[in-house]
Amino acid sequence: AMNPDGNFVVVWTNQEDNAVYMRKFDSEGKEQLKETKVNTSGNANMAAVAMADDGSYVVTWQNGDVYMRGFDANGKESFAQVKVSNANMQSNGKRSLPDIAMDADGNFVITWEDDADGDGYYDIRARGFNKDGSQRIEEFRVNGNADDQQRDPSIAMTSTGDSAGAFTIAWEDDTDGNGVFRIRTRSFNTGGSERTADSFVS
């Protein structure tokens, strides 16, 4: 993830200790933050990161559920490791493959594939947050059609301007259950209301 000044942060999984690490650089590739472990408990993998214009950033990852942790521009914790998915939702199944997008001010949305009831069928869910990690948009199901499988989401967000914070989520979709996945998208306004309905890209 990179801000307009060209400063960037990289995250990855270290297979030796099953943890997520990060390292931050300036626009010339000079180290600003040495290699640092992100998750404070549990295993972690499949990390994603997004950065605000001021250089602050949020990292998300999976470990049977989806988690996040926030950092300021210097790599100091801005909010602690916390579960992304709503604690009141079903928790018997698995949540995985998170992705994150952020606007210029640091507001962000995380999306993931969700099998909360453990039946082997996945939906796409998302939840929005303010820069400090407090909830901005309640957790919701992204895909309008919940038949069969929806997997592996990806998200992009408008950074600035009148539509700052608006976002679009794309995912692999097999609603007819024939084993052939197509790409489907749905767009949302800043507050999470629908902007464009489900539509197939491929």
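Two strands are said to pair if DSSP finds at least two bridges between them. In this predicted model, strand E1 (residues 8-14) and strand E2 (residues 19-25) are joined in this way, running antiparallel to one another over seven bridges. Within this pairing, valine 11 is found opposite methionine 22 of E2. Four residues lie between the two strands of the hairpin, in which asparagine 18 adopts a positive phi near 50°.

Further along the chain, four strands form an open sheet in the order E4-E5-E6-E7, and their pairing is antiparallel. Strand E4 (45-51) and strand E7 (77-83) are the edge strands of this sheet, each of them pairing on one side only, while the twist from one strand to the next averages 15°. Between E6 and E7 the antiparallel pairing extends over four bridges, and phenylalanine 71 has glutamate 77 in E7 as its bridge partner.

Phenylalanine 71 also takes part in a contact between aromatic rings, of which the model contains eight pairs. Its ring and that of tyrosine 57 have centres 5.3 Å apart and planes at 20°, and because planes under 30 degrees apart count as stacked, this pair is assigned to that class. Since tyrosine 57 belongs to strand E5 (residues 57-62) and phenylalanine 71 to strand E6 (residues 66-71), the pair ties together parts that are 14 residues apart in sequence. Both tyrosine 57 and phenylalanine 71 are buried.

A second stacked pair is formed by phenylalanine 167 and phenylalanine 188, whose ring centres are 5.1 Å apart and whose planes meet at 20°. Here the link is between strand E13 (residues 167-174), which holds phenylalanine 167, and strand E14 (residues 182-188), which holds phenylalanine 188, so that distant parts of the chain, 21 residues apart, are connected. Phenylalanine 167 and phenylalanine 188 are likewise both buried. In addition, Phe79, Phe108 and Phe129 are linked by ring pairs into a cluster.

Charged side chains also meet aromatic rings, as is seen at phenylalanine 200. The charged end of arginine 182 sits over this ring at 3.9 Å from its centre, and arginine 184 lies over the face of phenylalanine 200 as well, 4.2 Å from the ring centre.

Side chains of opposite charge can pair when their charged atoms come close. In the model, 13 salt bridges are counted. One of them joins aspartate 54 to lysine 131, with the closest N and O atoms 2.4 Å apart. This pair links distant parts of the chain, 77 residues apart, for aspartate 54 is in the loop between E4 and E5, whereas lysine 131 is in the loop between strand E10 (123-129) and strand E11 (135-141). Aspartate 54 is partly exposed, its relative accessible area being 43%, and lysine 131 is also partly exposed, at 36%.

Arginine 184, described above for its position over phenylalanine 200, forms a salt bridge with aspartate 198 at 3.7 Å from N to O. Arginine 184 is in strand E14 and aspartate 198 in strand E15 (residues 194-200), 14 residues apart, and both residues are buried. Arginine 186 makes a salt bridge to glutamate 194, the closest N and O atoms lying 2.8 Å apart. With a relative accessible area of 15%, arginine 186 is buried, whereas glutamate 194 is partly exposed at 42%. Through salt bridges that share partners, Asp173, Arg184, Arg186, Glu194 and Asp198 are joined into one network.

Methods:
Residues are numbered from 1 along each chain as its sequence is written. This is a predicted model: local features need pLDDT of at least 70, side-chain atom pairs count only at pLDDT 80 or more; totals for chains, interfaces and linings use all residues. Side-chain values use heavy atoms; hydrogens and water are left out. Rings of Phe, Tyr and Trp (its six-membered ring) pair if their centres lie within 6.5 Å; planes under 30 degrees apart count as stacked, over 60 as edge-to-face and the rest as tilted. Buried means under 20% relative accessible area, exposed over 50%, partly exposed in between (1.4 Å probe, protein chains only). A charge sits over a ring if NZ of Lys or CZ of Arg is within 6 Å of the ring centre and within 35 degrees of the ring normal. Axes are lines fitted to C-alpha atoms, for helices over the stretch in contact, and angles run from 0 to 180 degrees between N-to-C directions. A salt bridge is a side-chain nitrogen of Lys or Arg within 4 Å of a carboxyl oxygen of Asp or Glu.
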